[in-house]
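Here is a walk through a two-chain model, for someone who likes to have the structure open while reading. Have a look at it, then follow along below.

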Amino acid sequence: MQETPILEPEKEDTEGQTIQIVYDHMADIRCAQTTLLSRRHFSVRNQIYLSNVLVFLFALGMILVLTLNNNRVEKRLKFLEFVNDFSSEIQQARRYEKNYFLYGTNLNDAIENIHLAESIFITQSEEFSELLGGKKARQEIFTQMGAYKRLLEQLYQREQIDPKDFHSTPFSKTSELKLRGYGKDILTSAHSMITLEKRTLEKTLNRSRTIHLYSILGLLVFLAINAYLLVSRLYSTLNRFSAYAKRIASGDFRPIVPQRKFRDEFTELAVAINEMIKEIDLREAVLIQTHKMKAIGTLTAGVAHEINNPLNNIMLTVHMLLEDFGKLSQEEIIEMLKDVAAETDRSKKIIRNLLDFARESTSTMESLDLSVLLKNTVDLLENQIRFSGIQVDLQFIENFPKIHGDAQKLQQVFVNLFLNAMDASIKGSKIQVIGTLGDKDNSVKVSVIDYGQGIPQHLLSSIFDPFFTTKPKGKGTGLGLSVSQGIIAKHGGTLTANSEEGKGSCFTIIFPIINFPEIHAFSL
Amino acid sequence: MSTPLEVLLLDDEVIVGKRLKPALGKIGCNVEVFQDPELAMRRIAEKDFDIVVTDIYMDAMDGMQVLERVHERSPRTKIIMITGYAMIFLAREAMEKGAFDFIAKPFKPDDLRAVIAKAAKALGTSISFDSNPVNG
């Protein structure tokens, strides 16, 4: 069999159609692509923008609250100043008033001061009305101040009328007492206002400090959450994609399916990877098909020879029948015709095995008994086995668990392993196939063991590489093991090789019993 | 009519023996038919045959081995190889090892008869076979 080029241009069309039939992954990939793209869009860029806007708004709010608080502090300071001014005017007035009663001087000054205090109070109190403890308190101070002023004015008027010995008049005495009382009251009010205001100011300053502290903490928490969200989004997605890459590299060509409720920049990557998977899958299907054609070629040569035996029997029988027709008894004729019938039947069987293998059918995953599949494969290869003079020994444990798989594709794998084993073996040696339970739960293991020339250690790592072959040019395509590994990977299994040069090789396939990824993955 | 040719026919296909025994008998051959190479070899050890007709691919023993063994024991025996796996290298190998002729399956009884007639001639005897077959 000569080497078949992988992609003959004129073949591409039919090849493509075949692949559509053999591989129904395309629909699943298309479905995955639409699902990926139909989600709401929320890009990483948008998340960054959004979080920045939120941080800005948060900071803005913070500044607003602090500014408001500062205003309040400012207002309170002004108020304190005002109360201070006010109380110092009152104090001044009282000092003059005292002087007046002691020395008879400064009454004018006292009146002047109380007027000043009153005017300060009137002009400013509007502004600070809410700080003065309401209208009532203001009214009270105002009344006291009015009374104080009136008394001073009365004193003044009376002194003008009768200045002589005015201090000793009972009116002056009572006025002095009253004035003292009023002055004290006003000052007490002013002082209590100052104390109250100082306390409030302290509170406001404290609040300002608290706001500062909490808003910084809040900003910190906000930034931390934002960073966490952004980083975890990027990190987990990158992790996921590196897992995808590993998975695809191992030959698992299931498309990437949506994992989140929204789409973003990574979706474009996923879509691109799915496109790539589609391409790889197509290429792989082409490779599998190419390899199968090669295997069919090898088998056809065997079948063409094998068919010669029954054909020869028919030819001899028919010619003898023609030759001796007149001389033969009816029983003899019937016996010869029966031989012909049996031999045609035998021919049909020989061809049917090959046709079953060669038939292009859709990839169907079904429950499979590998021991039966191996038996059929040995039947299919009967001619090659006979021709090479090698004995094939099938050993399967009883109740070998069934697996899920594509019978045709798996047969292709086993045909390939057998043909390789036969190529490596010398006449009269043995090929063993051992089917047991796998070391892990829910797995089965099938080993194909030959006692042939073995594979040198330094080549062992490359035997699964596509187009790697040790066979002479024109004999091997170097596709067999690569394609086989691809097929086994699609079944969720593994194909590994062990070999010792000069002693033989052992190819081991491990299949999962329950897990059949092709069916699960695609029913999204 | 001269003395019959002693022919041993070895093929693991039963029908081949069943049909060829009377076919060759007609041209004056005394045919012993074997399916098992071991039994055939034992018989060859007992008796010198003029002609041995053997299949090449058999389960227990290779026709080439039969060829070598017969050649060793009785160099004058003409050996005719028949096989379904007719390939140039096989034919060459057989001829190199001293086979008289090589016939590819499927063949007609007359094809073998013609070769046997040729072998008889080489052996110095003649058999009653017209080398221009009637129903060829």
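How many residues lie between S6(A) and S7(A) in their hairpin, and which residue in the turn has a positive phi? Five residues separate the two strands, and A:Asn442 is the one in the turn with a positive phi, about 55°.

## Before you dig in

This is a predicted model, where local features need pLDDT of at least 70, side-chain atom pairs count only at pLDDT 80 or more, and totals for chains, interfaces and linings use all residues. Residues are numbered from 1 along each chain as its sequence is written, while chains are lettered from A and ligands numbered from 1 in the order in which they are written.

## Chain A at a glance

Chain A has 15 helices and nine strands; both are DSSP runs numbered from the N terminus, helices being H or I with at least four residues and strands E with at least two. Of its 524 residues, 28% are buried. Buried here means that 20 or more other C-beta atoms, placed from the backbone, lie within 10 Å of the residue's own (exposed is 12 or fewer, partly exposed is in between).

Now for the contacts, meaning pairs of residues whose C-beta atoms, placed from the backbone, lie within 7 Å. Among those in chain A with a separation of 6 or more, 78% are between residues 24 or more positions apart.

## The five-stranded sheet

Chain A has an open sheet of five strands in the order S4-S6-S7-S9-S8, with mixed pairing. Strands count as paired if DSSP finds at least two bridges between them. At the edges sit S4 (391-396) and S8 (494-500) of chain A, each pairing on one side only. Neighbouring strands are turned by 15° against each other on average, direction ignored.

Several of the pairings are antiparallel. S6(A) and S7(A) run that way over seven bridges, with A:Ile434 opposite A:Ser447 in S7(A). S7(A) also pairs with S9(A) in the antiparallel sense, through eight bridges, and there A:Ser443 faces A:Pro512 in S9(A). S8(A) is joined to S9 (residues 504-512) of chain A by seven bridges, again antiparallel; A:Thr494 stands opposite A:Ile510 in S9(A).

## Two faces and the helices across them

In a regular strand the side chains alternate between the two faces of the sheet. Along S7(A), A:Val444, A:Val446, A:Val448 and A:Asp450 point to one face and are buried, whereas A:Ser443, A:Lys445, A:Ser447 and A:Ile449 point to the other and are not.

Two helices of chain A lie across strands of the sheet. H10 (residues 370-380) of chain A crosses S4, S6 (430-437) and S7 (443-450), running at about 170° to S4(A). H12 (residues 407-424) of chain A lies across S6, S7 and S9, at about 25° to S7(A). Axes are lines fitted to C-alpha atoms, for helices over the stretch in contact, and angles run from 0 to 180 degrees between N-to-C directions.

## Where chain A meets chain B

The contact takes 18 residues from chain A and 15 from chain B. On the chain B side, H1(B) gives the most, with five residues.

H8 (residues 308-324) of chain A packs against H1 (residues 14-25) of chain B at about 30°, with the axes 9 Å apart. That makes the pair roughly parallel, a label for angles under 35 degrees (over 145 is roughly antiparallel, 65 to 115 roughly perpendicular and the rest oblique). A:Asn312, A:Asn313, A:Leu316, A:Thr317 and A:Met320 meet B:Ile15, B:Val16, B:Arg19, B:Leu20 and B:Ala23.
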